[in-house]
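Visitor: I would like a close look at a single part of this model, set in its surroundings. Please give the cut-off behind each term as you use it.

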Amino acid sequence: MLMPGHVVSLYVATCGLGGPGLGSDEKEVVLLVYVIIDASTTNIVGVQQYLVRPVGHFSNKEKATEQPSSPDALISPELSITESFLQVAGRPLGEVIDQFDAYARSLSIDPTSPNFRIVTDGQLALRQSLHPEASAKDIQLPSYYWRFSDLRKEMVRCKSGDLSRALIPITDAKKLVNMPSLPPLPGSIADMLTELELKPYSDSDFYVKESRDMVTIIQALLSAGHKFECTETINLALEPGICSIDDEIDGSCIVRARGLPWQSSDQDIAKFFRGLNVAKGGVALCLSPQGRRNGEALVRFVSQEHRDMALKRHKHHIGNRYIEVYRASGEDFLAVAGGASNEAQAFLTKGAQVIIRMRGLPYDCTAKQVLDFFSTGDNPCQVLDGVDGVLFVKKPDGRATGDAFVLFSNESDAPNALSRHRESIGQRYIELFRSTTAEVQQVLNRSMDPKTYEPPAPPLIPQLPQVQIPLVPQHVITSGTSKDCIRLRGLPYEAKVEHILHFLEDFAKHIVFQGVHMVYNAQGQPSGEAFIQMDSETSAYACAQQKHNKYMGSFGKKHRYIEVFQCSGDDMNLVLTGGLHSPANPSKPPLLSPGMLHSSPAPQQKPTPPTSVPQQIPISVPPPLTLSIQPPSPALLAQQQAQFIAQQNLARHSAAAANEQLLLQNLTLMPHPATTAALPPHHAAMGYPPMFAAHAGAPHPFLFSPRALLPAHPQFPMGIIPGPPAALAHHMPLAHPSLTSAAGVMPPQPGTPVASIKRSYEHAFQQEATAGNATKRHYPGTTAAIYAPFYPPNM
């Protein structure tokens with residue numbers, strides 16, 4: 001037969017601080033002392049003392065920085081126990097808990113009975129030491145560890161007396177002034193002994209003395225007829241609750257936890273504060289402006305006493321991360337957890353134990369698709385209340401945001417639901433997270449606020465100018481009419497150069513060095529296009545034919561087909577500028593990344609006149625343009641030399657084109673050697689120099705003269721000057737000294753063929769007029785009026 005009515009004095013010691021600092025340094029429990037007392041006789045029934053072997057779970061960060069201690073050193077100034085002895089004689093915490101449970105049952109005592117009560121010296125032994133360590137080590141404590149009596153509070157309750165003795169009749173109201181107040185809460189066991197006028201126990205070991213003194217106080221209270229009925233409880237799990245924006249929150253019960261892992265749920269935060277009672281719905285995860293968790297949470301406790309103990313867990317750990325704990329206000333909690341949506345209130349009052357947040361849903365997703373998503377496949381789970389258990393987050397205009405919340409009735413449904421993380425609905429993969437009631441209201445509050453979707457206001461203080469990195473000017477890269485380039489369109493925004501090379505496969509070997517250029521929009525974000533320079537037009541054509549509309553599937557479950565077109569540098573320049581020619585000195589940053597390299601601009605030099613020996617003419621490059629991009633890696637910097645070589649090759653092509661154009665401008669028509677006629681009077685009146693005196697007998701009536709050497713002619717701006725065949729006055733001898741020195745060319749040799757350019761059919765063949773072509777006459781009527789500005793009167 002089981003014997004009811006037993007009180008257990010529990011003494012807890014750690015290898016760290018004791019007294020008011022017990023458990024605040026996250027040190028492990030090393031000693032547990034149990035003394036079982038019969039409540040009816042105040043006799044000691046049994047005593048058990050256990051050494052607990054630490055495993056180094058807590059304070060990993062501190063242990064990494066501390067100097068290694070000697071095995072023979074004492075683990076604590078209050079405990080005369082060495083570390084080596086503890087490793088040999090100690091046992092794991094889980095075994096110690098099981099051994100005491102078996103010992104109590106061996107004494108025919110049911111520890112799960114309501115009359116079996118654990119008594120501790122204050123709150124710290126269980127709330128700050130034993131429960132946090134058991135939670136961190138995944139040790140399931142028996143149910144009698146979740147309720148206990150605080151010896152200090154019991155002492156105050158015993159001294160204050162019963163309620164019947166505290167009541168005073170109305171006729172003796174004057175005695176209310178002289179009524180003694182409640183005694184203060186004792187600060188230690190020594191204070192309680194003094195208050196009860198008891199003699200302390202004398203012993204050299206501190207923990208033995210403390211344990212014996214606790215037993216003495218408990219026996220004294222039991223002898224005085226006191227009953228240990230004031231029960232302190234420790235919540236097993238976090239209870240869901242709803243907070244309205246109009247609720248009054250006690251600001252002395254709120255803390256802010258910072259540094260949480262982004263995937264932490266409200267249950268993880270409650271586990272971090274295990275041993276302390278969090279209010280219903282008292283965990284509010286803070287979200288960033290983008291709607292994602294920012295690693296902070298506001299926690300509301302049931303009383304200020306629990307809040308104060310929570311502040312002592314500052315820089316305790318979740319895994320390898322230490323968590324900062326600070327005071328917060330009730331307004332801070334309401335701003336995050338307070339809800340004003342009736343729809344959210346109705347949704348959260350369905351009694352669900354689990355809330356799952358879905359992110360990335362298609363905008364046209366329905367509740368039935370969500371139900372099928374969870375009810376099919378492996379480990380199916382049922383949504384609470386069917387379609388009513390799904391709440392879609394919408395914008396103020398009713399459009400979907402791609403987020404939804406789903407309710408489940410049992411805690412066991414949570415792992416089954418979360419196992420579908422990153423599975424797909426249609427063509428989109430869905431992200432799943434454990435959510436809270438506070439997060440539901442916070443997300444809905446933001447979604448219904450029109451300011452959420454407004455563009456951010458400019459900062460009051462402008463940002464510092466970014467470091468300017470010289471790059472190759474865009475118009476140097478995107479130039480040329482040769483179709484040796486390809487244009488990629490429809491790239492994923494996450495695509496990098498290495499992804500493009502993998503997509504092109506064998507065609508990547510035909511890309512010129514540093515020939516992949518990503519196109520960015522005006523905000524500096526990827527536009528989904530790229531411009532690639534190939535080694536030949538054949539390679540560009542083959543690549544466009546083989547890779548057009550092929551899929552690039554290296555980004556999770558995204559499958560994007562890529563459009564590939566053959567183009568030239570000028571074509572790409574038109575695409576980037578919207579069909580407009582690039583200005584000489586562009587004022588905006590280029591849209592094209594120059595192969596992700598930094599190149600120094602070519603020095604500006606004046607073009608030199610061509611000589612008989614080909615000479616490289618440096619091109620004139622505008623001031624270096626800049627892009628606001630991240631600095632390249634050292635591996636890319638090593639390729640700068642190849643980029644410079646490519647620039648030099650492009651400069652040579654441009655210089656060759658400039659030489660050809662300059663030669664065409666200085667090209668003159670060489671006269672026939674027999675021409676001796678003088679300059680006609682009407683040409684002399686126009687101001688032609690004497691060097692244009694022609695020679696009679698030349699069969700070519702036209703002269704192409706360089707505009708740089710001729711005065712401007714009002715009727716012949718292009719330099720093609722006609723004249724009568726008899727005069728032959730429009731042929732210029734290249735041997736003239738002024739022309740030779742100005743153009744920098746050699747005079748013609750005798751026998752050089754004469755070149756001419758015809759102006760009209762009649763003047764080109766008027767020396768061969770016959771009866772066969774006599775029908776070709778001038779058009780009568782307005783011909784002279786139309787062409788008068790372009791032809792001399794004698795024509």
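**From one proline to one sheet**

Guide: Let's start at P132, which counts as buried because its relative accessibility is 16%; buried means under 20% relative accessible area, exposed over 50% and partly exposed in between, with a 1.4 Å probe and protein chains only. P132 belongs to helix α4, residues 124-136. Helices here are DSSP runs of H or I with at least four residues, strands are runs of E with at least two, and both are numbered from the N terminus. E26 is 106 residues away from P132 along the chain, yet their C-alpha atoms are separated by 8.9 Å.

A word on the basis: this is a predicted model in which local features need pLDDT of at least 70 and side-chain atom pairs count only at pLDDT 80 or more, while totals for chains, interfaces and linings use all residues. Residues are numbered from 1 along each chain as its sequence is written, and side-chain values use heavy atoms, with hydrogens and water left out.

The setting comes next. The chain has 795 residues, of which 41% are buried, and its secondary structure comes to 25 helices and 28 strands. A contact means heavy atoms within 4.5 Å; of the chain's contacts with a separation of 6 or more, 74% are between residues 24 or more positions apart. About 43,200 Å² of the chain is exposed, and carbon and sulfur atoms supply 56% of that area (Shrake-Rupley method, 1.4 Å probe; for residues, only the protein chains shown count as cover).

Now to the part I would choose for a close look. Five strands, in the order β10-β11-β9-β13-β12, make an open sheet with antiparallel pairing; two strands pair if DSSP finds at least two bridges between them. The edges are β10 (278-287) and β12 (316-318), each with a single partner strand, so one side of each has no neighbour in the sheet. On average, neighbouring strands of this sheet are turned by 30° against each other, direction ignored. The angles use axes fitted as lines to C-alpha atoms, for helices over the stretch in contact, and run from 0 to 180 degrees between N-to-C directions.

Inside the sheet, β11 is a good strand to follow. Seven of its nine residues are buried, so β11 is largely enclosed by the rest of the structure. Five bridges tie β10 to β11 in antiparallel fashion, with V278 opposite F301 in β11. These two strands form a hairpin with five residues between them, and G291 in the turn has a positive phi of about 85°. Five bridges also link β9 to β11, again antiparallel, and here R258 stands opposite E296 in β11. β9 (residues 254-258) is joined in turn to β13 (residues 321-327) by four bridges, the two running antiparallel; A257 faces V325 there.

Two helices lie across these strands. Helix α11 (residues 330-337) crosses β9, β10 and β11 (293-301) and runs at about 70° to β10. Helix α15 (residues 437-447) crosses β10 and β11, at about 45° to β10.

For comparison, look further along the chain. Strand β23 (residues 526-534) is antiparallel to β22 (residues 511-520), with six bridges between them, and V516 has I532 as its bridge partner in β23. The hairpin of β22 and β23 has five residues between the strands, where G524 takes a positive phi near 80°. β23 also runs antiparallel to β21 (residues 485-489) through five bridges, with R487 opposite F531.

Next, the packing. In soluble globular proteins, nonpolar side chains tend to be buried together. The largest nonpolar core holds 50 residues, and L32, Y34, F100, Y145 and F273 have the most contacts inside it (a core is a set of buried Ala, Val, Leu, Ile, Met, Phe, Trp, Tyr and Cys residues joined through side-chain atoms within 4.5 Å). Beyond its neighbours within four places in sequence, F100 touches V8, Y34, I36, Q48, Y50, F116, Y144 and Y145. A second, separate core has 27 residues, including L31, L79, M155 and L193.

Finally, the cysteines. The structure holds zero disulfides, a disulfide being a pair of cysteine sulfur atoms within 2.5 Å. C567 is in none, and the nearest cysteine sulfur, that of C485, is 5.5 Å away. C567 is buried, with a relative accessible area of 6%, and C381 is buried too, at 3% relative accessibility.
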